[in-house]
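Welcome! Have a look at the sequence and the model, then try the exercises with us.

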Amino acid sequence: RNLKGPFLLMDGLREDAAFILALVFAWEIVYQLSKFIALKIYGNKAVGNLGASYLVAFIHSILVTLRGFKHLSHYWFAPEKYRMLLLDDGIDPWDYEGRDIEFTSRIFLAWLLYD
C-alpha cells in the first residue's frame with residue numbers, strides 16, 4: 001500500500017476494530033459466565049446481575065493495573081525517546097513493549113465499550 005497523509009492513520013483500522021469488537025464480546029462472555037455462576041450459588045437475580053458486573057470490573061482493574069505496572073517497570077530506565085513514542089520498527093529494544101502497551105490500551109478501550 002502507498003498510503004499518505006491522513007489515510008496512513010486508517011491503515012489497519014478494520015483489523016483493529018474487529019479485534020476490539022472481539023474483546024468487547026470476551027468481556028460480555030466473562031459477565032455472562034459470572035452471572036450464571038452467581039445465580040447458581042446465590043439464586044438471587046439482583047446478586048447475579050450486580051455481582052457479575054462488579055466481578056468483571058474487578059477482573060478488568062486487576063488485569064490492566066498489573067499490565068500497567070509491567071509497562072512502568074519496563075520503561076522506568078528507558079531513554080526519553082522511547083518513553084514518548086511507541087515505535088514499531090522491529091529493531092529497537094523497546095519495540096515489543098510498545099506493542100504490548102497498545103494491546104493493554106485495546107483491552108481498556110474494549111472494556112469501556114462493553115461497559
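Below are three short exercises on this predicted model, each with a worked solution.

**Exercise 1.** Work out which secondary structure elements the protein chain has and in what pattern they follow.

*Solution.* Start by counting: the protein chain has four helices and zero strands. Next, read along the sequence, which gives the pattern α-α-α-α.

**Exercise 2.** Find the residues of the largest nonpolar core and the helices that supply them.

*Solution.* Begin with the members. Twelve residues form the largest nonpolar core: I20, L23, V24, W27, Y31, A52, V56, V64, I107, A110, W111 and Y114. Now sort them by element: helix 1 (13-42), helix 2 and helix 4 (95-114) supply at least two residues each. Helix 1 gives the largest share of this core, with five residues. To finish, consider the chain as a whole: of its 115 residues, 26% are buried.

**Exercise 3.** Decide whether H60 is buried or exposed, and list what H60 touches beyond its neighbours up to four places away in sequence.

*Solution.* First, locate H60: this residue lies in helix 2 (residues 45-75). Second, check its accessibility. Buried means under 20% relative accessible area; H60 has 4% relative accessibility, so H60 counts as buried. Third, list the contacts: leaving out residues up to four places away in sequence, H60 touches W27, I107, F108 and W111. Last, look from the other side. I107, with neighbours within four places set aside, is in contact with H60 and also with L23, W27, L63, V64 and R67.

Terms used
Residues are numbered from 1 along each chain as its sequence is written. This is a predicted model: local features need pLDDT of at least 70, side-chain atom pairs count only at pLDDT 80 or more; totals for chains, interfaces and linings use all residues. Side-chain values use heavy atoms; hydrogens and water are left out. Buried means under 20% relative accessible area, exposed over 50%, partly exposed in between (1.4 Å probe, protein chains only). Contact means heavy atoms within 4.5 Å. A nonpolar core is a set of buried Ala, Val, Leu, Ile, Met, Phe, Trp, Tyr and Cys residues joined through side-chain atoms within 4.5 Å.
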